[in-house]
Amino acid sequence: IRTTSGGYCLDTPTDVEELDLARAPTGAAETSVRQWRRVLSTWRGRPFVDVDHVPEAVIEAARLEEAVETIREDLLAAELDGVAATDGDGSGDGLAPLGLVGTARRLVEQQPYRERRRELLMLALYRSGRQAEALDAYAEARHRLVEDLGLEPGPSLRRMQHAVLSQDPGLDVAFAPR
């Protein structure tokens, strides 16, 4: 913080700037993973709680919450692909696909209508050698979408179901901690 003629100036990135920076990957996947983890470690819930009567604050809060949820999905996808296996620094603290099933399930429970989360859960199950459970996850997603919203699953979720059914080799990313 420094003083200026008009008051004070904060010379460090704010949480919002960090979040926006993390949404625009600029380098190696490992760098993005580090940025995503840093942003998620500072996220403390709904923003602008004290000014939720201001329409602009409500709109910005929704934008920020959406960005955080997308980062959670992007991070899980990177972890499933083994990119996040070592945080990019060789520390080797990443999770194997089996350990990511719980993470994927928690994300689905938090927002059950986000189809990408269902896809990631199916992928985590499939890569953990649980093809039948991956197909059950699709069936549950479809049932919930149809019963609750009157919608069929979107094309991406249907493609994941087809890939699991056909044991598409593209699903078999070799997982080896770096």
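Biologist: Does Glu79 count as buried or exposed?
Modeller: This is a predicted model, in which local features need pLDDT of at least 70, side-chain atom pairs count only at pLDDT 80 or more, and totals for chains, interfaces and linings use all residues. Residues are numbered from 1 along each chain as its sequence is written, and side-chain values use heavy atoms, without hydrogens or water. Buried means under 20% relative accessible area, exposed over 50%, and partly exposed in between (1.4 Å probe, protein chains only). Glu79 has 13% relative accessibility, so this residue counts as buried.

Biologist: Which residue forms a salt bridge with Glu79?
Modeller: A salt bridge is a side-chain nitrogen of Lys or Arg within 4 Å of a carboxyl oxygen of Asp or Glu. For Glu79 the closest N and O atoms of the pair are 3.1 Å apart. The partner counts as partly exposed at 25% relative accessibility. That partner is Arg37.

Biologist: How many residues apart are Glu79 and Arg37?
Modeller: Helices (H or I, at least four residues) and strands (E, at least two) are DSSP runs numbered from the N terminus. Glu79 sits in helix α3, and Arg37 in helix α2 (residues 29–42). Their pair links distant parts of the chain, with a separation of 42 residues.

Biologist: What pattern does the protein chain follow along the sequence?
Modeller: The chain holds seven helices and two strands. Read along the sequence, the pattern is β-β-α-α-α-α-α-α-α.

Biologist: What share of the 178 residues in the protein chain is buried?
Modeller: Start with the surface: about 10200 Å² is accessible, and 54% of that belongs to carbon and sulfur atoms. Those areas come from the Shrake-Rupley method with a 1.4 Å probe; for residues, only the protein chains shown count as cover. Buried residues make up 36%.

Biologist: Which element gives the largest share of the largest nonpolar core?
Modeller: A nonpolar core is a set of buried Ala, Val, Leu, Ile, Met, Phe, Trp, Tyr and Cys residues joined through side-chain atoms within 4.5 Å. The largest has 25 residues, and Leu76, Leu80, Leu121, Met122, Val164 and Leu171 touch the most other members. Two or more residues come from each of α3 (55–80), α4, α5, α6 (131–149) and α7 (155–165). The largest share, seven residues, comes from α5.

Biologist: How many residues are in the second core?
Modeller: This core is separate and includes Val33, Ile71, Leu75 and Ala78. The number of residues in this second core is eight.

Biologist: How far from Glu119 is the nearest side chain of opposite charge?
Modeller: Glu119 lies in helix α5. This residue is buried yet has no salt bridge. Lys and Arg count as positive and Asp and Glu as negative, while His and the chain ends are not counted. The nearest side chain of opposite charge belongs to Arg116, at 6.2 Å.

Biologist: Which residues is Glu119 in contact with, leaving aside neighbours within four places in sequence?
Modeller: Contact means heavy atoms within 4.5 Å. With those neighbours set aside, Glu119 is in contact with Ser156, Leu157 and Met160.

Biologist: Which side chain meets Arg116 in a salt bridge at 3.8 Å?
Modeller: Arg116 is partly exposed at 31% relative accessibility. Its partner is buried, at 4%. The pair links helix α5 with helix α3, 43 residues apart. The partner is Glu73.

Biologist: Which residues are linked with Glu73 and Arg116 in a network of salt bridges?
Modeller: The count of salt bridges comes to 16. Besides Glu73 and Arg116, the network links Glu66, Glu69, Arg72, Asp74, Arg114 and Arg117.

Biologist: How many residues apart are Arg63 and Glu60?
Modeller: Their side chains meet in a salt bridge, 2.7 Å from N to O. Arg63 is partly exposed at 35%, and Glu60 is partly exposed at 24%. Both lie in helix α3, about one turn apart, and the separation in residues is three.

Biologist: What accessible area do Tyr113, Leu149 and Leu151 have together?
Modeller: Patches are made of residues with over 30% relative accessible area and no salt bridge; like charges are joined within 9 Å, and nonpolar side chains (Val, Leu, Ile, Met, Phe, Trp, Tyr) within 5 Å. Tyr113 is partly exposed at 37%, in the loop between α4 (97–110) and α5 (115–127). With Leu149 and Leu151, Tyr113 forms a nonpolar surface patch of about 280 Å².
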